[in-house]
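Got your viewer open? Load the model, keep the selection panel handy, and follow along stop by stop.

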Amino acid sequence: MGRNRRDIDLYIGMLRSATVYLERHIDAVNFLNVFPVPDGDTGTNMVKTLRGIHTRVSLENPDTLQELSVLVKDAALYEGRGNSGVILSQVFIGVNDGIRACQDVDASMLAAALTSARDKAYQAVSQPVEGTILTVLKQVAEEATIQSHSSPNICQLFDHIVKVASTSVDRTPEQLPILEQGGVVDSGGYGLELILRGMAIFLNGEDPETAPLQWRFARKNGEG
C-alpha cells in the first residue's frame, strides 16, 4: 500500500505542478495562438482543461495508480475546453491507457503512456497537421521509446524529453507556413512543452510557483 500511495501522490503532484506552471504562462501561450484561427485562447483552454482534470481527481481516493489512471481518463472526457483543450484531453486519455497497461512506474511506462497519447491525439483530429502539438507529442513519444531501452530512471527521461519538446516547438514554424508568416511557434506545442516542464519541475523537487519561466517571443520581420 505504501508504494501505491507514493505512486498516486507522485502523479497527482505532477498534475498540480503542470497546472500551476502552465497557468503562469497563459498569456504567452494565448499571444502566440495563430493556428488554426488566431482567437488567442489556446492557453486559456489548456489551463481550464488541465485544472479541471486535477480538481476532479484530487477529490477522489484511489487505492492504486491504475485506479487513478481511470479517474484521470474519465475526468479528461469531461474537461476538454475548446480545440486545444479537447486535443489535450485526448492526450491524457491516451496517457492513462498506457499507464493501465503497465505495472511498474519506470521509463518503459512513460514511453508507453506517451506513445498511447500520441495515437489518441492523432486519431482525435480528422485532418492532422504537422508543426502543431501533434508533432511535438509524436517526437517526444518516439524519443521516450528510444531512450527507455537504455533504462534511465524516470526523472532523467523526463528531463530529456523536455529538451526534445523544446527543440520540436522551436522547429514548428519550419513545418507550418502560417507560423513562419506570423513569426511564432505553435501555441499548442508550446503549451505541451510547459506541461512537461511543470511535471519535470515536480520530479526534481522544485516549486512550480517560483521555477524560471520559459518564454517564447514572437518575431516579426526578423525583429524581436
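A word on surface first: accessible areas here come from the Shrake-Rupley method with a 1.4 Å probe, and for residues only the protein chains shown count as cover. With the surface switched on, the protein chain exposes about 10300 Å², and carbon and sulfur atoms supply 50% of that.

Some ground rules. This is a predicted model, where local features need pLDDT of at least 70, side-chain atom pairs count only at pLDDT 80 or more, and totals for chains, interfaces and linings use all residues. Residues are numbered from 1 along each chain as its sequence is written, and side-chain values use heavy atoms, leaving out hydrogens and water.

**The whole chain**

Switch to cartoon. You'll find eleven helices and zero strands in the protein chain; helices (H or I, at least four residues) and strands (E, at least two) are DSSP runs, numbered from the N terminus. The radius of gyration of the protein chain is 16 Å, close to the 17 Å from the globule rule for 224 residues, so the chain is as compact as a globular protein of that length. That radius is taken over C-alpha atoms, and the rule is 2.2 Å times the number of residues to the power 0.38. Along the principal axes, the C-alpha atoms fill a box of roughly 60 × 40 × 35 Å.

Now colour by burial: buried means under 20% relative accessible area, exposed over 50%, and partly exposed in between (1.4 Å probe, protein chains only). Buried residues make up 52% of the 224. As for contacts (heavy atoms within 4.5 Å), residues 24 or more positions apart account for 72% of those with a separation of 6 or more.

**Stop one: helix 1**

Select Ile12, which sits in helix 1 (residues 2-23). Ile12 is buried, at a relative accessible area of 17%. Leaving aside residues up to four places away in sequence, Ile12 touches His54, Ser58 and Leu68. Try a distance label to Leu68: the two are 56 residues apart in sequence, and 8.9 Å apart C-alpha to C-alpha.

**Stop two: the end of helix 4**

Is Glu79 buried or exposed? Buried, with a relative accessible area of 10%. Find Glu79 in helix 4 (residues 65-79), then show its neighbours: not counting residues up to four places away, Glu79 touches Lys48, Thr49, Gly52, Ile53 and Arg56.

**Stop three: helix 6**

Next, select residues 107-124 for helix 6. Helix 6 has 18 residues and reaches 26 Å from its first C-alpha to its last, close to the 26 Å expected at 1.5 Å a residue. (The expected span is 1.5 Å times one less than the number of residues.) Its buried residues include Leu110, Leu114 and Tyr122. Helix 4, helix 5, helix 7 and helix 8 are among the elements covering the buried residues of helix 6.

**Stop four: helix 7**

Move on to residues 133-148, the 16 residues of helix 7, whose end C-alpha atoms are 22 Å apart, in agreement with the expected 22 Å. Among its buried residues are Ile133, Val140, Ala144 and Ser148. Show what they pack against: helix 3, helix 5, helix 6, helix 8, helix 9 and helix 11.

Finish on Ala141, also in helix 7. Ala141 counts as buried, at 0% relative accessibility. Beyond residues up to four places away in sequence, Ala141 touches Leu114, Thr115 and Arg118. One last distance: the C-alpha atoms of Ala141 and Val164 are separated by 9.8 Å, with their positions 23 residues apart along the chain.
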